[in-house]
Amino acid sequence: MSVHVSQSAHKIQLWRRLGSVQYRDSSLLQRQHLSSFSSKADRNDDLVTLEASPDTGVATLRMHRSPANSLSMEMMQSISGAIRKAESDRKIQSLILTSSLPSGIFSAGLELTELYQPDLARLPKFWESFQQLYLDLYGSRLSTIASIGGPAPAAGCMLSLSCDYRIMTDNPKCTIGLNESQLGIVAPPWLAQQYIDVIGNRNAELALLLGTLFTPQQALTVGLVDELVCSGDSSIDEMAQRKAAEFIRIPPKARVAAKELTRGTQIAKLSGNREEDTEFFCSFVTTDTVQKTLGSYLEMLAKRKK
Ligand SMILES: CC/C=C\C/C=C\C/C=C\CC/C=C/CC(=O)SCCNC(=O)CCNC(=O)[C@H](O)C(C)(C)COP(=O)(O)OP(=O)(O)OC[C@H]1O[C@@H](n2cnc3c(N)ncnc32)[C@H](O)[C@@H]1OP(=O)(O)O
């Protein structure tokens, strides 16, 4: 076991050193169609806002990385940082995760330019930030509520799965689910396990195979979300605040211990396997087949917009 781990650590270091090497299959370049997918490192350090209310014990984390709250490395680090900041305030017991984009998009999942023709030095760090975000949110001592006012595909769905409670707006145009197979990729095992835990094995099996994006009503039926907000009802923010208050009435130690019962094993599993997970991801996502499919998917997104 220890030999295996050290070999994989070595491979990851190798990945990091590959930074100066050009991506190997430049024939996959279709940049002329993909001009809107060219950004990589974020310069903006204002990607999320944390608003803590010591009186109510609730903090609200608003994501606003335009245009779609896709998860670049910096975005994931900002969300992780905000979760830790909220946790460091002992008066805060609950966190509402939401989007403040005018479009309402909750999160479009991983930033696709991080996966397509990736910067090879950045790729392992990018994936480690994704793992860290999962660990920070899924394992948070805070009660966490996802207030989902718009689409939440793939890693956007992961953000909500990592919360304790999910409230979604009942708009059939807003869909949620792990659609990775449609992009020619696959969810990592720890994310697939969250799906299985939340919607059950058979539902997860079918949805992972087909890359299903559920409408809010379908998501409610399979248990992917806990509550829907219809127009005319009280606002999604008010409902999230009410749910947060309900969680806060539970003694914190008991609440945290209860969370540990259902999540501890999976958190320990990934914590002990991060390097191998990163190594697998880097090898998988850079294969020619995956790169080609990602390129076609990006083109399809750009064309759909036109
Ligand atoms: C055995 C196996 C073991 C182990 C496996 C281990 C590892 C696995 C390997 C890999 C796994 C990798 C995991 C990936 C998870 C992901 O999250 S992949 C990302 C998936 N995301 C999507 O498919 C979403 C794509 N986007 C959309 O469907 C729509 O944009 C959306 C519904 C979110 C919003 O639609 P709409 O309101 O119509 O807006 P637009 O489509 O016009 O989009 C607005 C702008 O946002 C840009 N954009 C959208 N999504 C992304 C994105 N994910 N990344 C970057 N940019 C995005 C879009 O281009 C528009 O930009 P523009 O306005 O043109 O500048």
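**View 1. Residues surrounding the ligand in the predicted model.** Of the 28 residues around the ligand, those that come nearest are Ala68, Ala108, Gly109, Ala154 and Ala155; a residue counts as near if its C-beta atom, placed from the backbone, lies within 6 Å. Two elements, H11 and helix H12 (288–305), each give two or more residues to this shell. H11 supplies the largest share, 4 residues. Helices are DSSP runs (H or I, at least four residues), numbered from the N terminus. The shell comprises 20 nonpolar, 5 polar and 3 charged residues, where Ala, Val, Leu, Ile, Met, Phe, Trp, Tyr, Cys and Pro count as nonpolar, Asp, Glu, Lys and Arg as charged, and the others, Gly among them, as polar.

**View 2. Surroundings of serine 80 in helix H2 (residues 73–88).** Serine 80 is partly exposed, because 19 other C-beta atoms lie within 10 Å; 20 or more would make a residue buried, and 12 or fewer exposed. Apart from neighbours within four places in sequence, serine 80 is in contact with Gln132, Leu133 and Asp136, contact meaning C-beta atoms, placed from the backbone, within 7 Å. Serine 80 and serine 129, 49 residues apart in sequence, are separated by 8.4 Å from C-alpha to C-alpha.

**View 3. Contact of helix H4 (residues 123–138) with helix H11 (residues 274–285).** Leu123, Pro124, Trp127, Glu128 and Gln131 of H4 meet Arg274, Asp277, Thr278, Phe281 and Cys282 of H11. By class, this contact has 5 nonpolar, 2 polar and 3 charged residues.

**Notes.** Residues are numbered from 1 along each chain as its sequence is written. In this predicted model, local features need pLDDT of at least 70 and side-chain atom pairs count only at pLDDT 80 or more, whereas totals for chains, interfaces and linings use all residues.

Technical notes:
Axes are lines fitted to C-alpha atoms, for helices over the stretch in contact, and angles run from 0 to 180 degrees between N-to-C directions. Two residues are in contact if their C-beta atoms, placed from the backbone, lie within 7 Å.
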